[in-house]
Amino acid sequence: MSEHMLPLTEIRERKAQAVRPNPEEAPRPDLREELYELEARGELIVQRVPEPYVEVTTKYGRTKKVPIDRLWHHKSCGQCGHIPGYTTSILWLNRQFGIDYLDPTDQTSCTGWNYYASATSNAVAQILVMCRNFAAAYETGYYPLIHCGTSYGHYKELREQLVHHKELRDQVRRVLDKLGKPLVVPEEIVHYSEWVHVMRHRIAERQVVDMREVTACVHPACHYYKIVAEDAIYDPDIYGGQRTATVTALLQALGIRVADYSTWFDCCGFGFRHILVQRDFTRSFAVLRKIEVMKDEANPDMTVTHDTGCVTTLDKSQFAAKAHQRRVGVPVLADSQVAALAMGAHPFRVLQLHWHSTDWRPLLEKLGIDWQRYWAEFEEDLAAIERGEKPGLTWEDAEEPVISR
Amino acid sequence: MSVMTWSPTKGGERYREVPEERKRALFEEVKSDPRYPDFLYGCYECGICVSACPSARFYDFSPRVIAQALAREDVDRFYEILMEDIWNCAQCFSCVRCPRGNNPGGLVTLMREVAVRHGLEQAQQALQGYSRVIYKIMLKGNQVSPDMLQPDFFPDWGPWVREFSRNMAVWRKAIPVDTLRNITDAAWRTDDKTLRELYTIWFETGNMEVIREVDEGLYELLVEIMEEELEAAS
């Protein structure tokens, strides 16, 4: 063996040690410093994270502020359109903790799904869509909390491009002037799963559903931690600081067994364009590289993730695979839904599980939740709506936790 | 085998009839994007990007070859990739674990933009069946909406889609979130003023011209609706 080569045992030992990066040695500069410089030159406004906030550690050991209160919910089109229990659970959690929040109508999607799918846009338009939403949030005095993993990743990248390219800033400012909007950039781009992450112990304090018998596999969302990787939360106590801590830390706080599987780094197969017009790729990848691997290596009761596309892909891809006798049948939930369920939220009024395709009944039964009872209640809601007795459900109908210890 | 060995002589075999100037002009358009220098720093040929790439497992696709072709300014190979490979990328950005800091997924995005801007046939083929999504995103500011969940479009999602389709109206009313309740043609309720601002962005940034290259009929329809909205408000 060459004197320069490390023995395998030492490599393993090093890998077993938690990673505690020194921010002074970060491979990339801190973008926030550049933002403050631009602000000092009068080029833009930096929206500060309001108090109270929690400080967390990110990939390179830097500190990131995650706001707790005064949140402007930047909703996700894929969640609101096709998995509404995802959004409902986030807002339900906010309401349970008495958070002052806004659910704005002055918001468009980031349009990033379309951009990654079809490229029928351009950098200036994409930055402007972001800045228009940020200005709308700033005008209200609330801080943007981004629901979609793709919006979060897209905005991080667009923010970087805006900061690094004066020509883009000039073009963006020209159109914002026309719209009568200021050029505002938040000092932290914050994903809702980061809010859930910092609230996890408070969520666990109010847990009413015992989840210790449940095994979960975590799918970390690509656009959360791969795009502008340094903004994602890492914790030496979770995976030794070698993978993002969001989602996993929540599940552990709730007593859920988190089982590892070898293809954790793989994407879900969403593909942006593929999920809409070329799903043979999406189905194959989701089943062969994710669900079957989880099933074979960990046999989880559920898969938990934190992004729109991942929930959609992993959930909806399992039906066709079942017809081909593939090893599928793993219910897929967002972390917000798991947290809400743990605190006793109604499985249908809040989690809206009837929008999910893969069978979630065995999971609820394992958790000791009488889903038939709650479904019967929800069917009564639907019947009342159809009879015209009520226009729809409101928070008054869904606010109260219904599951007790 | 999906991981292709780099071969400078391989490029251009299938596109000999395309003039070198045409290939060079398209390449220069990609290279002139202000983001290009941030996405490409060189390539070790280590293949880490390929090992992380989902598309490399299922298609004859390699992010390493893309980075190599662009770094070498091999316009023949570039053209081949532009015509045959870029629409296979899943845009997950797993490839950004590149030790050189390359962003092959980002390079694909730039190439796609150029392919769309020039109305290349391959771009139009890749986006077949996609027009209704463009209609929705440009007009409503949402990629998807409940009324797009139709059994004929998602047959592989099983009987759930049919059940949903039957119950969409009442299920949407049974959502406690104010901005979602009873909304079926968009993901949430959006202010008219917000949408007008979005239309202004599309017009001011040349985005509508991009749509024209993809689908002229759709472009005309969108322009008519948007201009009517903007004029009514002014």
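**Close-up views of chains A and B**

**Figure 1. B:Ala123 sits in helix α8 (residues 121-126) of chain B.** Helices (H or I, at least four residues) and strands (E, at least two) are DSSP runs, numbered from the N terminus. This is a predicted model, where local features need pLDDT of at least 70, side-chain atom pairs count only at pLDDT 80 or more, and totals for chains, interfaces and linings use all residues. Residues are numbered from 1 along each chain as its sequence is written, while chains are lettered from A and ligands numbered from 1 in the order in which they are written. Is B:Ala123 buried or exposed? B:Ala123 is buried, because 25 other C-beta atoms lie within 10 Å (buried means 20 or more other C-beta atoms within 10 Å of a residue's own, exposed means 12 or fewer, and partly exposed is in between, with C-beta atoms placed from the backbone). Leaving out residues up to four places away in sequence, B:Ala123 touches B:Ala115 and B:Val116; two residues are in contact if their C-beta atoms, placed from the backbone, lie within 7 Å. Look for B:Met83 too: B:Met83 and B:Ala123 are 40 residues apart in sequence, yet 8.1 Å apart in space, C-alpha to C-alpha.

**Figure 2. Here is chain B as a whole, with its 13 helices and 0 strands.** Reading along the sequence, you get the pattern α-α-α-α-α-α-α-α-α-α-α-α-α. The C-alpha trace of chain B spans about 60 × 45 × 30 Å along its principal axes. Of the 234 residues in chain B, 46% are buried. Take the contacts in chain B between residues at least 6 apart in sequence: 69% of them join residues at least 24 apart.

**Figure 3. In chain B, helix α9 (residues 131-140) meets helix α13 (residues 216-233), with axes that come within 11 Å and cross at roughly 20°.** That makes α9(B) roughly parallel to α13(B). Angles under 35 degrees count as roughly parallel, over 145 as roughly antiparallel, 65 to 115 as roughly perpendicular and the rest as oblique. The axes are lines fitted to C-alpha atoms, for helices over the stretch in contact, and angles run from 0 to 180 degrees between N-to-C directions. The crossing of α9(B) and α13(B) is right-handed, meaning that the near helix is turned clockwise from the far one by less than a right angle (anticlockwise would be left-handed). Which residues of α9(B) and α13(B) meet? B:Ser131, B:Ile134, B:Tyr135, B:Met138 and B:Leu139 come from α9(B), and B:Leu218, B:Leu222 and B:Ile225 from α13(B). Sorted by class, this contact has 7 nonpolar, 1 polar and no charged residues. Ala, Val, Leu, Ile, Met, Phe, Trp, Tyr, Cys and Pro count as nonpolar, Asp, Glu, Lys and Arg as charged, and the others, Gly among them, as polar.

**Figure 4. Chain B meets chain A through 65 residues of chain B and 75 of chain A.** On the chain B side, several helices supply at least two residues each, including α7 (104-117), α9 and α10 (159-173). The largest share of that side, 7 residues, comes from α11(B). The chain B residues touching chain A divide into 35 nonpolar, 18 polar and 12 charged.

**Figure 5. Two loop residues of chain B, B:Glu73 and B:Phe93, have positive phi without being glycine.** B:Glu73 is found in the loop between α5 (63-71) and α6 (75-84) of chain B, with phi near 55°. B:Glu73 counts as exposed because it has 12 C-beta neighbours inside 10 Å. B:Phe93 is in the loop between α6 and α7 of chain B, and its phi is near 70°. B:Phe93 has 26 C-beta neighbours inside 10 Å, so it counts as buried.

**Figure 6. Over in chain A, 12 of the 13 residues of α4(A) are buried, so this helix is largely enclosed by the rest of the structure.** Among the buried residues are A:Pro84, A:Tyr86, A:Leu91 and A:Trp92. At 1.5 Å a residue, helix α4 (residues 84-96) of chain A should span 18 Å, and its end C-alpha atoms are indeed 18 Å apart; the expected span is 1.5 Å times one less than the number of residues. After α4(A) comes A:Gly98, with a positive phi near 65°.

**Figure 7. A:His219 belongs to strand β8 (residues 215-219) of chain A.** A:His219 is buried, because 27 other C-beta atoms lie within 10 Å. Not counting residues up to four places away in sequence, A:His219 touches A:Cys268, A:Lys290, A:Thr303, A:Thr305, A:Cys310 and A:Leu314. A:Thr303 and A:His219 are 84 residues apart in sequence and 7.0 Å apart in space, C-alpha to C-alpha.

**Figure 8. A cis peptide bond joins A:Glu51 and A:Pro52.** Its omega is about 0°. You'll find A:Pro52 in the loop between β1 (45-47) and β2 (53-57) of chain A.
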